[in-house]
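Welcome! Here is a short guided tour for anyone meeting this structure for the first time. Keep the 3D view open and follow along.

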Amino acid sequence: MRLLLLAPPGAGKGTQGERLAAWSGARHIAAGDLLRAEARADGALGREIAAYQARGDLVPDQIVLDVLTPAVVEAAACGGYILDGFPRTLPQATAAAELATRLGVTLHAAVYLYAPEAVLTQRLLDRASQSGRSDDKADVIRHRLRVYAETTGPLVPYYTERGILVAVDADRPPDSVTTEIQSRLSGLSLPGGMHL
């Protein structure tokens with residue numbers, strides 16, 4: 001199974017990605033985690049990534065593709081992948097689709113988690129008080145949600161037009177969200193006549 005999780009910050013991509021990975025046997029690949037790990041490695045690329053993240057800005061497409069491609073190709077060969085947090089822009093989506101087609105690892109579905117901005121903001125503030133993540137301060141949260149709406153919002157119609165969008169209301173308890181995603185994915189037909 002090859003899935004994309006599409007959601008604003010605070011909608012539960014991480015939680016749902018882990019649950020879907022356990023359910024499907026696919027590898028959960030969190031773009032943010034890979035980028036943060038690269039930033040902690042403290043090479044030249046890591047310092048560049050860290051500077052973008054500290055401002056709440058998106059890391060440039062080519063850097064993200066360079067970091068993610070090896071992980072996606074490896075996962076696709078071993079049971080599939082669940083991509084979390086990438087692509088985030090229309091140019092990333094089209095570049096990723098072209099690359100995926102070339103490598104034979106195209107998406108089966110894009111799961112879109114949505115929730116009201118007030119809910120997302122509160123969840124991120126709660127997470128910040130528990131984990132101390134530097135990008136979960138109120139002003140940075142507002143900036144991240146604005147950047148998401150402007151840059152990632154256009155991916156919803158893009159994946160809808162491709163016929164692979166599965167939209168799920170994330171303003172519910174995590175178990176309810178997981179159950180609905182699994183139910184909706186179980187009804188999908190995959191290439192070759194397979195079902196999830």
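A good place to begin is one residue. Leaving aside neighbours within four places in sequence, I29 is in contact with L34, L68, A71, V72, A75, Y81, I82, L83 and D84. Please keep in mind that you are looking at a predicted model.

**The cores**

I29 also belongs to the largest nonpolar core, a group of 35 residues. Together with Y81, L83, F86 and Y159, I29 is among the residues with the most contacts inside this core. Two or more residues each come from β1 (2–6), α2 (31–40), α4 (61–76), β3 (81–84), α5 (90–103), β4 (109–114) and α8 (155–161). Helix α4 gives the largest share, nine residues. Apart from this core lies another, with 23 residues that include M1, L120, V177 and L185. As a general rule, nonpolar side chains in soluble globular proteins tend to be buried together.

**The sheet**

Next, look for the strands. Five of them form an open sheet in the order β2-β3-β1-β4-β5, with parallel pairing. The edges are taken by β2 (27–30) and β5 (165–169); each has a single partner strand, so one side of each is left without a neighbour in the sheet. From one strand to the next, the twist averages 20°.

How many of the residues of β1 are buried? Five of the five are, so β1 is largely enclosed by the rest of the structure. R2, L4 and L6 point one way from the strand, while L3 and L5 point the other way. On one pairing, β1 and β3 run parallel and are joined over four bridges. β1 and β4 also run parallel, and four bridges join them. The table lists some residues of β1 with their partners.

| Residue in β1 | Partner | Strand of partner |
|---|---|---|
| L3 | A109 | β4 |
| L5 | D84 | β3 |
| L6 | Y112 | β4 |

Helix α9 (residues 174–186) lies across β1, β4 and β5, and runs at about 155° to β5.

**A cis peptide bond**

Now follow the chain onward from β3. The loop between β3 and α5 holds P87. A cis peptide bond joins F86 and P87, with omega at about -5°. For background, most peptide bonds are trans.

**Space inside**

There are two cavities of 30 Å³ or more in the structure. The largest cavity holds about 250 Å³ of space. Which residues are closest to the centre of the largest cavity? Of the 21 residues that line it, they are Y81, L83, A96, A97 and A100. At least two lining residues are supplied by each of α4, β3 and α5, and the largest share, six residues, comes from α5. Y81 and L83 may sound familiar, as both are also named among the residues with the most contacts inside the largest core.

**A look at L145**

The last stop is L145, found in helix α7 (residues 138–151). Is L145 buried or exposed? Its relative accessible area is 7%; buried means under 20%, so L145 counts as buried. Not counting residues up to four places away in sequence, L145 touches P8, P9, E117, L120 and T121. One of these, L120, is also a member of the core of 23 residues. L145 and G10 are 135 residues apart along the chain, yet their C-alpha atoms are separated by 9.3 Å.

Technical notes
Residues numbered from 1 in each chain as written. Predicted model: local features only at pLDDT ≥ 70, side-chain atom pairs only at ≥ 80, totals over all residues. Heavy atoms only, no water. Core = buried A, V, L, I, M, F, W, Y, C linked by side-chain atoms within 4.5 Å. Buried < 20%, exposed > 50% of the residue type's maximum accessible area, 1.4 Å probe, protein only. Contact = heavy atoms within 4.5 Å. Pairing = 2+ DSSP bridges. Axes fitted to C-alpha atoms, helices over the stretch in contact; angles between N-to-C directions. 1 Å grid on protein atoms, 1.4 Å probe; cavity = no way out; pocket = protein on both sides within 12 Å on 5 of 7 lines; lining within 4 Å. Points joined across faces, edges and corners; volume = space filled by probe spheres on them.
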